[in-house]
Amino acid sequence: DKTITPSHEPPALATGGADQPPRVLVADDSATIRVALVRAMPEQSLVTEASNGEEAWTLLQEKDEIELVITDLDMPRLNGYELLQRIRSSEISRIASMPVIVVTGAEDTKAKSRAFELGANDFISKNADKVEIRARVRAHHKLALLIHELEESRKILNAQANTDALTKLTNRRAFFVRASEALELMRRHEQPFSVLMIDVDD
């Protein structure tokens, strides 16, 4: 079982709520490092563990509740750099925008630079103390909640822009967008194209 639950189960909270405990994926092939990171988490954190990058990637796709990733760079099967690349290039917006904290050596500036270029949000050293780890997890948990709220707002605004307020059907704007896409597809494949209009009220 890769999920670590706290000794006292937290009460059910609404997704995205300000009081929601951090839901973190910790990926590291060292069990010792994973234990140290888990123990340093804020109280009531819900932590999922992965012992390699491939396992971490699978868990990210399977567990929608994960909000934050803490990953080592040197891992078997799929290293931290490759995991970062998959996360940032994911077609799933929840994954692509997820905050990622990378675990590095204190003086390993070359590794930090490469990870930053691949989309890492922050770094902690392997000998970081509990206070530093908690502070970074809390800060990026807030960022994750903000990203989630912005994504939900974007979906609502997009739906409003393409939906008739009275009938809840797609509107004229949405019709022209979809029709243009369909017409372009038919032209590209040299297929026939038809439009059927039906009067529904008389």
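Colleague: Where does glutamine 44 lie?

Modeller: In this predicted model, glutamine 44 lies in the loop between α1 and β3. Those names go to DSSP runs, numbered from the N terminus: helices are H or I with at least four residues, strands are E with at least two.

Colleague: Any ground rules before I dig in?

Modeller: Residues are numbered from 1 along each chain as its sequence is written, and side-chain values use heavy atoms, with hydrogens and water left out. Since the model is predicted, local features need pLDDT of at least 70 and side-chain atom pairs count only at pLDDT 80 or more, while totals for chains, interfaces and linings use all residues.

Colleague: Why is glutamine 44 called partly exposed?

Modeller: Buried means under 20% relative accessible area, exposed means over 50%, and partly exposed is in between (1.4 Å probe, protein chains only). Glutamine 44 has 38% relative accessibility, so it counts as partly exposed.

Colleague: And what makes arginine 77 exposed?

Modeller: The value for arginine 77 is 66%, so it counts as exposed. Arginine 77 sits in the loop between β4 and α3 (80-88).

Colleague: What is phi near in glutamine 44?

Modeller: Phi is near 70° there, a positive value in a residue other than glycine. Arginine 77 also has a phi near 70°. Most residues other than glycine have a negative phi, so a positive one catches the eye.

Colleague: How do you know that arginine 34 is buried?

Modeller: Its relative accessible area is 11%, so arginine 34 is buried. This residue lies in helix α1. Contact means heavy atoms within 4.5 Å, and on that basis arginine 34 touches Val26, Asp28, Asp29, Glu49, Ala50 and Ser51, leaving out residues up to four places away in sequence.

Colleague: What makes β2 and β3 a pair?

Modeller: Two strands pair if DSSP finds at least two bridges between them. Strand β3 (residues 46-50) is joined to β2 by 5 bridges, so the two pair, and they run parallel. Valine 24, for one, has valine 47 in β3 as its bridge partner. From β2 the chain crosses through helix α1 (residues 31-39) to β3, and this β-α-β crossover is right-handed.

Colleague: Why is that crossover called right-handed?

Modeller: Right-handed is the word if, with the strands pointing away from the viewer, the path from the first strand over the helix to the second runs clockwise.

Colleague: Which other strand is joined to β2?

Modeller: That would be β4 (residues 68-72), parallel to β2 and joined by 4 bridges. Alanine 27 stands opposite threonine 71 in β4. In turn, 4 bridges join β4 to β5, again parallel. Isoleucine 70 has isoleucine 101 in β5 as its bridge partner. β5 also pairs with strand β6 (residues 122-125) in the parallel sense, over 4 bridges, and threonine 104 has serine 125 as its partner there.

Colleague: Why is β5 called largely enclosed?

Modeller: 5 of the 5 residues of strand β5 (residues 100-104) are buried, so the rest of the structure largely encloses it. Val100, Val102 and Thr104 point one way, Ile101 and Val103 the other. In a regular strand the side chains alternate between the two faces of the sheet, so that pattern fits. Strand β2 (residues 23-27) is mostly covered, with 4 of its 5 residues buried.

Colleague: What about phenylalanine 193: buried, exposed or partly exposed?

Modeller: With a relative accessible area of 36%, phenylalanine 193 is partly exposed. Phenylalanine 193 lies in the segment after α7 (172-188).
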